[in-house]
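Hi everyone, thanks for having me. I'll walk you through one protein chain today, so have a look at it first and then we'll go piece by piece.

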Amino acid sequence: MRKERGKRYDSNTRKKEGRHTDTFVADLLEQIESKKVPIAGFLIPESVVVTWIIMAVVVLLSVVLVRNLKVENPGKKQLALESAIGALHNIFADTLGEEGKQYVQYLMTVIIYIGFSNIIGLFGFKPPTKDLNVTAAMAIMSIVLIEYSGIHQKGLKGWLKSFASPSLIILPINIMEIFIKPVSLCMRLFGNVLGAFVIMEMLKAVVPAIIPIPFSFYFDIFDGLLQAYIFTLLTALFIKEQIE
């Protein structure tokens with residue numbers, strides 16, 4: 001009797017675990033899958049629609065926050081805004097130096113977009129950075145800018161010669177870097193965002209109440225902003241390498 005009860009218990013336990021696993025895998029695949037949203041008779045990727053929402057929010061905030069700016073006796077809102085923008089500008093300006101100052105505005109735009117994309121999940125939207133197409137597109141944009149900065153600084157001839165520097169023997173490695181860098185940028189951002197989702201789902205399954213809340217603040221806010229910083233800082237460092 002005991003053996004039969006043990007077998008039934010093990011069988012029921014395995015079935016429950018199997019159902020939990022299937023649900024978890026289904027949720028994971030749903031997060032990875034790029035859904036389409038019907039708009040005006042067209043099927044638009046969900047990540048594009050959420051990006052439009054982020055753009056609208058950023059534009060609206062820009063309009064609201066820059067109203068009634070003063071040269072003398074600025075208010076607390078203006079001082080906070082100037083401090084935030086100044087700190088963001090200095091991060092990239094200090095990294096790139098005088099020769100790379102023309103790329104600072106692009107990097108500031110990218111870090112703001114990725115930052116908003118990573119934390120928008122708190123408001124019920126699917127972060128665009130969970131779509132591999134988005135992170136891949138951003139990585140391609142970055143590598144195009146990186147290589148352009150090298151051509152702009154050294155000229156086309158000097159840029160081509162740099163692939164054989166310091167020795168002709170490492171020419172294949174330098175060529176491979178053109179493809180390795182965007183893959184690295186793309187997969188690092190996508191993998192960290194997706195990894196945070198996996199960890200949060202596991203925590204919710206094990207301890208569904210209270211415990212996941214502080215972890216949600218970490219993964220959805222701190223880690224999301226950190227990944228935006230890492231992506232743009234690496235892009236800045238690659239540009240700096242090209243223009244030195």
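Let's start with a word I'll use a lot: two residues are in contact when they have heavy atoms within 4.5 Å. And two bits of housekeeping. This is a predicted model, where local features need pLDDT of at least 70 and side-chain atom pairs count only at pLDDT 80 or more, while totals for chains, interfaces and linings use all residues. Residues are numbered from 1 along each chain as its sequence is written, and side-chain values use heavy atoms, with hydrogens and water left out.

Okay, the overview. The chain has 7 helices and 2 strands. Helices (H or I, at least four residues) and strands (E, at least two) are DSSP runs, numbered from the N terminus. Reading along the sequence, you get α-β-β-α-α-α-α-α-α. There are 244 residues, and 30% of them count as buried. By buried I mean under 20% relative accessible area; exposed is over 50%, and partly exposed is in between (1.4 Å probe, protein chains only). One more overall number: take the contacts between residues at least 6 apart in sequence, and 67% of them join residues at least 24 apart.

Now the strands. How many bridges join S1 to S2? There are 4, between S1 at residues 36-39 and S2 at residues 42-45, and the two run antiparallel. We say two strands pair if DSSP finds at least two bridges between them. For example, Val37 has Ile44 in S2 as its bridge partner. S1 and S2 form a hairpin with 2 residues between them, and Ala40 in the turn has a positive phi of about 55 degrees.

On to the helices, with a little ruler check. The expected span of a helix is 1.5 Å times one less than its number of residues. Helix H3 covers residues 76-96, so its 21 residues should span 30 Å, and its end C-alpha atoms are indeed 30 Å apart. Helix H4, residues 104-119, has 16 residues, so it should span 22 Å; its end C-alpha atoms are 23 Å apart, which agrees.

Which residues of H3 are buried? They are Gln78, Leu88, Phe92, Thr95 and Leu96. After H3 comes Gly97, with a positive phi near 75 degrees. In H4, the buried residues include Val104, Leu107, Ile111, Ile114 and Gly115. Here's a handy bit of background: an α-helix has 3.6 residues a turn, so residues three or four places apart point the same way.

Next, some residues that are brought together from distant parts of the chain. Tyr229 lies in helix H7, and it counts as partly exposed because its relative accessibility is 32%. Not counting residues up to four places away in sequence, Tyr229 touches Ile91 and Ile111. Its C-alpha atom is 8.1 Å from that of Gly115, although the two are 114 residues apart along the chain.

Phe217 is in H7 too. Is Phe217 buried or exposed? At 54% relative accessibility, Phe217 counts as exposed. The C-alpha atoms of Phe217 and Leu122 are separated by 9.2 Å, with their positions 95 residues apart along the chain.

Then there's Gly121, in the loop between H4 and H5. Gly121 is partly exposed, because its relative accessibility is 35%. Gly121 and Asp220 are 99 residues apart along the chain, with their C-alpha atoms separated by 7.3 Å.

For contrast, look at Thr135 in helix H5, residues 132-161. Thr135 counts as buried because its relative accessibility is 0%. Leaving aside neighbours within four places in sequence, Thr135 is in contact with Thr129, Cys186, Leu189 and Phe190.

Last stop: the cavities. On a 1 Å grid over the protein atoms alone, a cavity is a set of points where a 1.4 Å probe fits but cannot get out, and lining residues have an atom within 4 Å of a point. Grid points are joined across faces, edges and corners, and a volume is the space filled by probe spheres set on the points. The count comes to 2 cavities of 30 Å³ or more, and the second largest holds about 30 Å³.

What lines that second largest cavity? Leu185, Arg188, Leu189, Gln227, Ile230, Phe231 and Leu234 do. H7 gives the most to this lining, with 4 residues.

Definitions and conventions. On a 1 Å grid over the protein atoms alone, a cavity is a set of points where a 1.4 Å probe fits but cannot get out, and a pocket is an open set with protein on both sides within 12 Å along at least five of seven lines; lining residues have an atom within 4 Å of a point.
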